[in-house]
Protein chains: 2
Amino acid sequence: MRYFRATVEYDGTDFYGFQIQPRQPTVQGVLEQVLQRLTGEPVRVLAAGRTDTGVHARGQVIAFRCPWRHSVAELHKALNALLPDSVAVRALAEAPAEFHPRYSARSREYRYRVYNTAVRSPLRHRYATHVPEPLDVAKMNAAAALIVGVHDFATFGDPTSGESTVREVYRSEWQRDGSEIVYIVEANGFLRRMVRTLVTAFLWVGQGRWTVADFQAAWAARDRRLAPPPAPPQGLYLWAVRYDDTIDADGETAQRISGKLSGEDGQ
Amino acid sequence: MRYFRATVEYDGTDFYGFQIQPRQPTVQGVLEQVLQRLTGEPVRVLAAGRTDTGVHARGQVIAFRCPWRHSVAELHKALNALLPDSVAVRALAEAPAEFHPRYSARSREYRYRVYNTAVRSPLRHRYATHVPEPLDVAKMNAAAALIVGVHDFATFGDPTSGESTVREVYRSEWQRDGSEIVYIVEANGFLRRMVRTLVTAFLWVGQGRWTVADFQAAWAARDRRLAPPPAPPQGLYLWAVRYDDTIDADGETAQRISGKLSGEDGQ
């Protein structure tokens with residue numbers, strides 16, 4: 001048995017999320033099927049984060065144990081040959097036994113793509129969310145900057161039972177690129193639905209539906225009922241998972257693995 | 001009865017091409033259904049070009065006659081509210097009776113998107129074609145530049161019976177933008193499958209499978225059997241249709257309509 005880690009990109013449009021489910025296409029299900037076909041044995045895939053239905057990934061990180069007699073490069077090639085067009089392994093390496101894609105992660109980065117045009121665009125509809133109203137990006141960034149640091153996010157996400165609602169956010173900003181506006185957020189972990197709920201909150205600030213003070217008041221109340229609904233899944237990307245000195249999303253191999261930070265539920 | 005022209009964008013992934021077909025989803029079928037629902041009468045939609053299964057459009061131009069008592073802006077809004085996510089009307093205006101989206105067109109522009117990376121990308125697979133081998137874009141452009149002007153394209157496309165195989169090409173070039181390489185071609189018209197067949201020919205030149213001289217020899221032979229197979233449809237976009245002084249793709253309203261140039265079959 002050998003132990004591998006991989007960086008995986010997928011188009012979430014046609015999947016019922018990452019996590020395996022009976023009788024529904026999921027990313028984990030497809031990966032495990034292909035690994036079983038290649039190795040002749042059932043293989044269990046661990047992942048850094050469980051993305052929800054319709055959410056994409058550019059840098060999901062997985063790990064799995066399986067028998068394989070050939071080179072890592074050959075396994076990489078074989079996986080991409082058998083995986084559907086909607087899933088690909090961007091990088092593959094052998095991993096040390098103590099590596100866990102979820103518990104070893106030091107941070108996760110998500111991105112959320114919005115496009116801001118009068119008429120919706122069919123060529124973008126699978127990969128970004130349309131907002132026709134003008135958006136005040138400076139105000140959105142004023143609110144987004146507030147969440148950097150160690151804070152309680154009880155208003156904005158759903159903890160699993162007994163889970164703390166405190167997270168450390170390293171980066172939180174909106175960037176405009178033509179008609180596209182992208183939210184970039186990196187933290188040691190996220191509550192379930194936290195990213196998409198924050199996105200709607202910032203969009204409300206950008207549309208003038210909330211002031212920055214309204215955002216702060218809802219946040220300070222630690223009351224889930226004061227949060228807006230989560231933004232639609234097709235704009236969200238699990239962009240990168242970082243381990244120690246390593247950024248995985250661009251396909252680098254992990255050098256050292258250490259640390260044990262908060263887990264990650266579905267976004 | 002009023003007469004309208006519209007610029008339409010669509011994601012061709014889930015359609016069996018533009019042209020209406022029994023029991024298959026087509027762009028024309030969807031447009032006619034929605035117009036019938038809005039006006040209570042059957043409406044026939046004319047189009048500038050019939051795109052094949054899986055081909056996209058950023059600037060398809062259509063025209064239709066229907067009863068409508070309200071403003072053009074209200075019809076535009078109602079259409080986009082009822083059309084599926086994969087189709088949208090970018091611009092709508094009343095048209096003079098002599099306007100025909102196909103016969104009045106002075107030129108059509110198609111674009112073909114290729115991305116050139118070692119590993120295929122699930123997030124691009126619906127909208128571009130993956131080419132893993134290195135491409136010599138300078139050589140591709142040397143071949144592409146040759147087709148500008150009035151030429152016989154018998155090798156590269158399928159004429160409908162009796163149709164001439166001569167076309168005038170105004171622009172033909174490859175542009176590189178990071179890992180993406182886009183072919184831009186504008187002509188008074190195209191033979192069926194001509195754009196995708198030329199794309200493969202230029203890619204063969206870029207991969208070293210053909211020299212520029214091989215391309216010229218196949219072209220000069222006027223022999224369809226010497227052409228490579230057409231490139232896959234998901235990279236192709238009907239980008240713009242131009243009428244006199246007017247570019248339609250960016251949503252401008254036609255000012256004057258005139259001219260009568262060659263028709264356009266499926267790409």
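This is a short talk on how two chains are related in a predicted model, how some of their helices pack, and where a few loop residues sit.

Let me begin with the pair of chains. Chain B can be superposed on chain A with an RMSD of 0.0 Å, and the operation that does this is a turn of 180° combined with a shift of 0.0 Å along the axis. The two copies are thus related as by a two-fold rotation axis. If you want to find that axis from the side of chain B, look for R126(B), whose C-alpha is the nearest to the axis in that chain, at 4.9 Å from it. The two copies also use the same surface, in that 100% of the contact residues of chain B recur in chain A.

Now to the helices, and I will stay with chain B for the moment. Helix 1 of chain B and helix 2 of chain B, the latter covering residues 72–82, pack with their axes 10 Å apart and at an angle of about 125°. That makes helix 1 of chain B oblique to helix 2 of chain B, and the crossing between them is right-handed. On the helix 1 side of chain B the residues in the contact are V34(B), R37(B) and L38(B), and they meet A78(B), L79(B) and L82(B) in helix 2 of chain B. By class, this contact of helix 1 with helix 2 in chain B divides into 5 nonpolar residues, no polar ones and 1 charged.

Further along chain B, helix 3 (residues 137–146) and helix 4 (residues 194–207) have axes that come within 8 Å and cross at roughly 140°. How, then, are helix 3 and helix 4 of chain B oriented to each other? They are oblique, and that follows because an angle counts as roughly antiparallel when it is over 145 degrees, a limit that roughly 140° does not pass. Helix 3 of chain B passes helix 4 of chain B in a right-handed crossing. The contact brings V137(B), K139(B), M140(B), A143(B) and A144(B) of helix 3 in chain B against F202(B), V205(B) and G206(B) of helix 4 in chain B; these residues divide into 6 nonpolar, 1 polar and 1 charged.

For helix 3 and helix 5, I turn to chain A. There, helix 3 (residues 137–146) and helix 5 (residues 212–220) pack at an angle of about 25°, with axes 10 Å apart, and the two helices of chain A are therefore roughly parallel to each other. Their crossing in chain A is again described as right-handed. K139(A), A142(A), A143(A) and L146(A) in helix 3 of chain A meet V212(A), F215(A) and Q216(A) in helix 5 of chain A, and by class this contact has 5 nonpolar, 1 polar and 1 charged residues.

Finally, some loop residues of chain B. Most residues other than glycine have a negative phi. R23(B), however, has a positive phi, near 65°, and lies in the loop between strand 1 (2–10) and helix 1 (27–39) of chain B. With 6 other C-beta atoms within 10 Å, R23(B) is exposed. R222(B) likewise has a positive phi, of about 50°, although it is not a glycine; this residue belongs to the loop between helix 5 (212–220) and strand 10 (236–243) of chain B, and with 13 other C-beta atoms within 10 Å it is partly exposed.

Terms used
Residues numbered from 1 in each chain as written. Chains lettered and ligands numbered in written order. Predicted model: local features only at pLDDT ≥ 70, side-chain atom pairs only at ≥ 80, totals over all residues. Axes fitted to C-alpha atoms, helices over the stretch in contact; angles between N-to-C directions. Helix = DSSP H or I, 4+ residues; strand = E, 2+ residues; numbered from the N terminus. Left-handed = near helix turned anticlockwise from the far one by under 90°. Contact = placed C-beta atoms within 7 Å. Nonpolar A, V, L, I, M, F, W, Y, C, P; charged D, E, K, R; others polar. Least-squares fit on C-alpha atoms with pLDDT ≥ 70 in both. Parallel < 35°, antiparallel > 145°, perpendicular 65-115°, else oblique. Buried ≥ 20, exposed ≤ 12 C-beta atoms within 10 Å, placed from the backbone.
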